[in-house]
Amino acid sequence: MILAFAFTCLAVYLAVTAIETAIKIKDTNEKIQLAQTQYKQIEAANKNTKNLLENADENDIIERIARERLGYVFPDEKVYYDVN
């Protein structure tokens with residue numbers, strides 16, 4: 001009787017431990033997927049920047065920085081913003 005009780009307790013402990021481990025593995029896999037997605041986005045941005053630097057002259061780079069970071073436009077240019 002005591003042996004059966006001990007075996008039951010061990011089985012419950014092992015089941016709970018297995019479930020907790022499965023949950024931790026799932027969470028870790030989700031974190032890995034997120035990190036891989038972020039890595040791919042950063043890699044694409046780096047590739048885009050590298051191509052820009054290799055294929056553009058100084059004026060193009062200055063214009064792009066002025067537009068993207070500072071929001072500058074030419075005086076006769078119209079800018080439309082999508083508010084959706």
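A residue counts as buried under 20% relative accessible area, exposed over 50%, and partly exposed in between. Keep that in mind as we walk through this predicted model. Take Glu-77: its relative accessible area is 30%, so this residue is partly exposed.

Now look at what Glu-77 is doing. Its carboxylate pairs up with Arg-67 in a salt bridge, with the closest N and O atoms 3.1 Å apart. This pair ties together distant parts of the chain, since Arg-67 sits in helix H2 while Glu-77 belongs to the segment after H2, 10 residues apart. Arg-67 has a second partner, too: its side chain meets that of Glu-63 in a salt bridge at 3.2 Å, N to O. Through the shared partner, Glu-63, Arg-67 and Glu-77 end up in one network.

Glu-63 and Arg-67 are both in helix H2, which covers residues 58-68, and they lie 4 residues apart, about one turn of the helix. Glu-63 comes in at 32% relative accessibility, so it's partly exposed, and Arg-67 at 31% is partly exposed as well.

The model has 3 salt bridges in total, and one of them joins Arg-64 to Glu-68, with 3.8 Å between the closest N and O atoms. Here again both residues lie in H2, 4 residues apart, about one turn of the helix. Arg-64 is partly exposed at 34%, whereas Glu-68 reaches 60% and counts as exposed.

Over to helix H1, which takes in residues 2-55 and includes Tyr-13. With a relative accessible area of 54%, Tyr-13 is exposed. Together with Leu-10 and Leu-14, Tyr-13 makes a nonpolar surface patch of about 330 Å².

Note on methods:
Residues are numbered from 1 along each chain as its sequence is written. This is a predicted model: local features need pLDDT of at least 70, side-chain atom pairs count only at pLDDT 80 or more; totals for chains, interfaces and linings use all residues. Side-chain values use heavy atoms; hydrogens and water are left out. Patches are made of residues with over 30% relative accessible area and no salt bridge: like charges are joined within 9 Å, nonpolar side chains (Val, Leu, Ile, Met, Phe, Trp, Tyr) within 5 Å. Accessible areas come from the Shrake-Rupley method with a 1.4 Å probe; for residues, only the protein chains shown count as cover. A salt bridge is a side-chain nitrogen of Lys or Arg within 4 Å of a carboxyl oxygen of Asp or Glu. Helices (H or I, at least four residues) and strands (E, at least two) are DSSP runs, numbered from the N terminus. Buried means under 20% relative accessible area, exposed over 50%, partly exposed in between (1.4 Å probe, protein chains only).
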